Amino acid sequence: MQQNKLEPGAVHRLTSKPVTTTQLVKYAGASGDFNRIHFDEPFAREKGLPGVLVHGMLTMAIVGRCVDDMAAGRARVAEFSSQFLAPVYVGDAVAAAATVVQSDSPEHVRLEVVATVGEKTVLKGKALLELEPAGA
Amino acid sequence: MEVDRSFIGTAMDPFVVDVEKGAIRSFAEAIGETNPLYFDEAQAQAAGFPSLIAPPTFAASFRPPTRQPWLLPLDEGRILAGEQVFTSRRRIVAGDVLSCQMHLVDITEKQGRSGTLEFIVQELRAHDPAGELVVTNRRVVIYRSAGALGGQ
């Protein structure tokens, strides 16, 4: 497995494939979030939205893949938080970036995460990785 | 104020989540994961885990069997994701039996661009059979008043 450096300033990036309605239906099924604004376009429009909205939690999960890549089997994600700043729609590709920031403990790695669609920031958050001995 | 404040500090009935391999695989596939530790039990065991491990946001799928009573009267088309915080004491592994309970921590409000936004702070806490806290999932959902588009 590729090992990214976990020193302050290290960045890992990941861009998702454009999100499809099929993926939203799968995520709805896997997560149990069946709010119709995430798969029913007429309903979403009736509610004043321009189209079907991607689950905020799916956007966060895509960022989680980026965090996970950074952890790469040698650390556990002990905390992971996100604020949802702008809607993500079907067809959007989510670009996630995780940057290592200064940590106050040698057993932990702090990350700042951000997700963008084009120029727009859609999510900002933080993660705390807890380093584990190899094979833990 | 459209959300009933009398629910603040209350919790729903506990419910049990049996963490199943198929559920982990479906979740991992839906989020676009390819990490074998989420799909292939032999590889997860070779890495030192008892079975498949779950992705960091898997606890998002731990949902009470009935809708939160404080959300019931609300219009689902006006509910938006605000903030989400997962904390975990250890990894979730297939085979875990977790006792989960959904709490309503707080409700606050502020004025958005075109109406009132109410912030509903909910927290799901999952404990193992020994009573140890495994994960918490704090979710702040935003309820926009009719016509408001704020919070985004």
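# A tour of chain A and its contact with chain B

In chain A, 14 positive and 15 negative charges have mean positions that lie 4 Å apart. Keep in mind throughout that this is a predicted model.

**Whole chain.** Select chain A and colour by secondary structure. Chain A has 3 helices and 5 strands, and read from the N terminus the order is β-α-α-α-β-β-β-β. Along the principal axes, the C-alpha atoms of chain A fit a box of roughly 50 × 30 × 25 Å. Chain A has 136 residues, and 53% of these count as buried. Switch to a surface view: the accessible surface of chain A is about 6300 Å², with 52% of it on carbon and sulfur atoms. For the contacts in chain A with a separation of 6 or more, 65% join residues that are 24 or more positions apart.

**The loop before helix 1.** Select Thr20(A), which sits in the loop linking strand 1 (11-15) to helix 1 of chain A. Is Thr20(A) buried or exposed? Neither word fits, because its relative accessible area is 38%, which makes Thr20(A) partly exposed. Now add Gly91(A). Thr20(A) and Gly91(A) are 71 residues apart along the chain, yet their C-alpha atoms are separated by 6.0 Å.

**Helix 1.** Move on to residues 21-31 of chain A, which form helix 1. Show the side chains of its buried residues: Gln23(A), Leu24(A), Tyr27(A), Ala28(A), Ala30(A) and Ser31(A). What do the buried residues of helix 1 pack against? They pack against helix 3 of chain A and also against helix 1 (21-30) of chain B. An α-helix has 3.6 residues a turn, so residues three or four places apart point the same way. After helix 1 of chain A comes Gly32(A), with a positive phi near 80°.

**Helix 3, at Ile62.** Next select Ile62(A), which belongs to helix 3 of chain A. Ile62(A) counts as buried because its relative accessibility is 1%, and buried means under 20%. Which residues are in contact with Ile62(A), leaving aside its neighbours within four places in sequence? Within chain A they are Leu14(A), Ser16(A), Val19(A), Val94(A) and Ala96(A), and from chain B there is Ile31(B). For a distance across chain A, pick Glu112(A): this residue is 50 positions along the chain from Ile62(A), and the two C-alpha atoms are separated by 15 Å.

**Helix 3, at Asp68.** Stay in helix 3 (residues 56-71) and select Asp68(A). Asp68(A) is buried but has no salt bridge. The nearest side chain of opposite charge belongs to Arg91(B), 5.8 Å away, whereas a salt bridge needs a side-chain nitrogen of Lys or Arg within 4 Å of a carboxyl oxygen of Asp or Glu. Not counting residues up to four places away in sequence, Asp68(A) touches Val77(A) in chain A and, in chain B, Glu33(B), Asn35(B), Tyr38(B) and Pro56(B).

**Arg91 of chain B.** Select Arg91(B) and look for its partner. Arg91(B) forms a salt bridge with Glu132(A), and their closest N and O atoms are 2.5 Å apart.

**The whole interface.** Finally, show both chains. The contact draws on 41 residues of chain A and 38 residues of chain B. The size of an interface is often given as the accessible area lost when the parts come together. Between chain A and chain B about 3100 Å² is buried, 52% of it on carbon and sulfur atoms. How many salt bridges cross the interface? The rule finds 4 between chain B and chain A.

Note on methods. Residues numbered from 1 in each chain as written. Chains lettered and ligands numbered in written order. Predicted model: local features only at pLDDT ≥ 70, side-chain atom pairs only at ≥ 80, totals over all residues. Heavy atoms only, no water. Helix = DSSP H or I, 4+ residues; strand = E, 2+ residues; numbered from the N terminus. Buried < 20%, exposed > 50% of the residue type's maximum accessible area, 1.4 Å probe, protein only. Contact = heavy atoms within 4.5 Å. Areas by Shrake-Rupley, 256 points an atom, 1.4 Å probe, with all protein chains shown as cover. Lys, Arg positive; Asp, Glu negative; His and termini not counted. Charge placed at Lys NZ, Arg CZ, Asp CG, Glu CD. Buried area = accessible area lost by both parts, 1.4 Å probe.
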